[in-house]
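Here's a quick briefing to read with the structure open beside you. Have a look at the model first, then work through the notes below.

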Amino acid sequence: MTGSPRSAKDFFAPLAVGAPAPLREIPARPSRAIHFFDPSNPKMAAKVPDMVGTVDVLLGNLEDAVKADNKEAAREGLVTIARETSFGPTQLWTRINALDSPWVLDDLTTLVPAIGDKLDVVMVPKVQGAEDIHYVDRLLAQLEAKAGLDRPILVHAILETARGVANVEEICGASPRMQGLSLGPADLAADRRMKTTRVGGGHPGYLVRRDPNPDQPDAVRPTYQQDLWHYTIARMVDACAMHGIYPYYGPFGDIADVVACEDQFRNAFLLGCVGTWSLHPKQIAIANKVFSPSVEDITHARRVVAAMGDGTGAVMLDGKMEDDASLKQCLVLVELAEQLAAIDPELKKQYDAIEVPAGE
Ligand code: GLV
Ligand code: MG
C-alpha cells in the first residue's frame, strides 16, 4: 500500500456528486439460487417472466458462456427483458464481462442508464484485488448520478484467480457496495494450474487412503475423496463474515449429477455460504432445498432459544450442553428461516407448523 488510505468517515460518502449514498449494511435478501440465463438466447429469455417468484435471483449473464458474436445481443436482450418484466420479490442481477475485455465498458454504460433502477447487483468476474472494485465503484457512482438513481447498485465479485484469493479480504472490504463473493472454480482451476477439467465439484483422484493393515498388507485399502474447494470456500466465508457480506458457492457443471451437486452445495451451506449458482432449472430446486434450514434444524434451534431464556448460562437438552455460543448458532438458523419464510409460502407453512414444547 502506498499513500494514505481514505478516512473511515469518508467511506460512506458517494463517489460522484449526485450519486446515491452507499448503504451502511447489505440487506440479507434470500438468494439461495442465482439462476443464470443468456439474454441473447431467445428460448431462455422467453422463460424469464415465468421464472419470477420461483427463484430468488435471476442473473442475465453477459460473460463466459456467451459467444463473442452474441455479446451485444445479450446486453440488448437484458435491457429488453428487464424493462418488460416485473420482478416482484425476485432480484435481478447481471454478470458483466471481465474488466480487461472489450465489452465491459459498454456493458456498464448501457445497463446502468437503461435498467439501473431494476438491477440489484452487478457481478464482476475475475476480480484480482481491491483496485478492480475501486474502478467499478467509481464508474457505477458516476453512472448512477447521471441516471438519477436513488439507490446504489451493489457489487458481487467472483473469486476465480489466484491473486483474487490472495487478496480476498481486501476485495470484500474495498467498497460499501460489496454484497458478496462467489467461487469461480473453473477459472480458478485454470489460473492456479490445477490439473482438473471440470466446472466445480470433486475429483476422484483427490483423495486420502487408509493406512495398510499390518495383518493383511494386501487387503484393499479404502479411499476417501476430499473436497478440492474446501480451502477457498473457507477463506471466502471468513472474509465475507468479517466484512458483513455474503459468500456463495458457484457453478456445478455436471447438470446430470444431482446427487454430487446437492452434496457440494450442502458443504458450502454448512460452512457458511448463503446460496449458489444455478445453471439449469433443476439446480434451483436443489439449491432452494439445501440453502433453507431443515424443519429438524429449526425445531431444535427454537427449543434451544426457548430453553435459554435470557440467553446466558447453560442448559441440558437431550443430554447435550447448550450455552450462549450454541444459542448464537441457533439464532443464525432461526433468523435465516424467518427471512426465507417471508418470501417462500411453502417453507413458511413448514416452519409455522413446528411445535416447541413449553417449559423445557
Ligand atoms: C465461473 O465463472 C467459473 O469460472 O467457475
Ligand atoms: Mg469464470
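A polar contact here is a pair of N or O atoms within 3.5 Å. With that in hand, keep in mind that this is a predicted model. The notes cover a magnesium site, the ligand 1 pocket, a buried aspartate and one helix.

**Magnesium ion (ligand 2)**
- Two protein residues act as donors to the magnesium ion: Glu160 through OE and Asp187 through OD, at 2.1 to 2.2 Å.
- Glu160 sits in the loop between β5 (154-159) and α5 (162-166), while Asp187 belongs to helix α7 (residues 185-192), so the pair ties together parts 27 residues apart in sequence.
- Buried means under 20% relative accessible area, and Glu160, at 3%, counts as buried.
- Asp187 has a relative accessible area of 25%, which makes this residue partly exposed.

**Ligand 1**
- Glu160 and Asp187 turn up again here, in a shell around ligand 1 that also holds Arg95, Gly184, Pro185, Ala186, Pro251 and Trp277.
- By type, that shell splits into four nonpolar residues, one polar and three charged.
- Helix α7 supplies three residues, the largest share of the shell.
- On the Glu160 side, a polar side-chain atom lies 2.9 Å from an oxygen atom of ligand 1.
- The backbone joins in too: a polar backbone atom of Pro185 is 3.1 Å from an oxygen atom of ligand 1, and one of Asp187 is 2.8 Å from an oxygen atom of the ligand.
- Ligand 1 has 200 Å² of accessible area on its own, and the protein covers 93% of that.

**Asp56**
- Look for Asp56 in the loop between α1 (42-51) and β2 (57-61).
- Asp56 is buried, with a relative accessible area of 5%.
- What does the Asp56 side chain join in a polar contact of 2.8 Å? The partner is the side chain of Arg32.
- Leaving out residues up to four places away in sequence, Asp56 touches Pro30, Ser31, Arg32, Ala33, Pro89, Thr90, Gln91, Asn288 and Ile343.

**Helix α10**
- Asn288, one of the residues that Asp56 touches, is also among the buried residues of helix α10 (residues 281-290).
- The other buried residues of α10 are Gln283, Ile284, Ile286, Ala287 and Val290.
- Which elements do the buried residues of α10 pack against? They pack against β1 (33-37), α1, α9 (258-271) and β10 (276-278).

Definitions and conventions
Residues are numbered from 1 along each chain as its sequence is written. Chains are lettered from A and ligands numbered from 1 in the order in which they are written. This is a predicted model: local features need pLDDT of at least 70, side-chain atom pairs count only at pLDDT 80 or more; totals for chains, interfaces and linings use all residues. Side-chain values use heavy atoms; hydrogens and water are left out. Donors are N, O and S atoms within 2.8 Å of the metal (3.2 Å for Na, K and Ca); water is not among the atoms, so sites may look incomplete. Helices (H or I, at least four residues) and strands (E, at least two) are DSSP runs, numbered from the N terminus. Buried means under 20% relative accessible area, exposed over 50%, partly exposed in between (1.4 Å probe, protein chains only). A residue is near a molecule or strand if one of its heavy atoms lies within 4 Å of it. A polar contact is a pair of N or O atoms within 3.5 Å; within protein, one must be able to donate a hydrogen and the other to accept it, and residues adjacent in sequence count only if both atoms are side-chain atoms. Accessible areas come from the Shrake-Rupley method with a 1.4 Å probe; for residues, only the protein chains shown count as cover. Ala, Val, Leu, Ile, Met, Phe, Trp, Tyr, Cys and Pro count as nonpolar, Asp, Glu, Lys and Arg as charged, and the others, Gly among them, as polar. Contact means heavy atoms within 4.5 Å.
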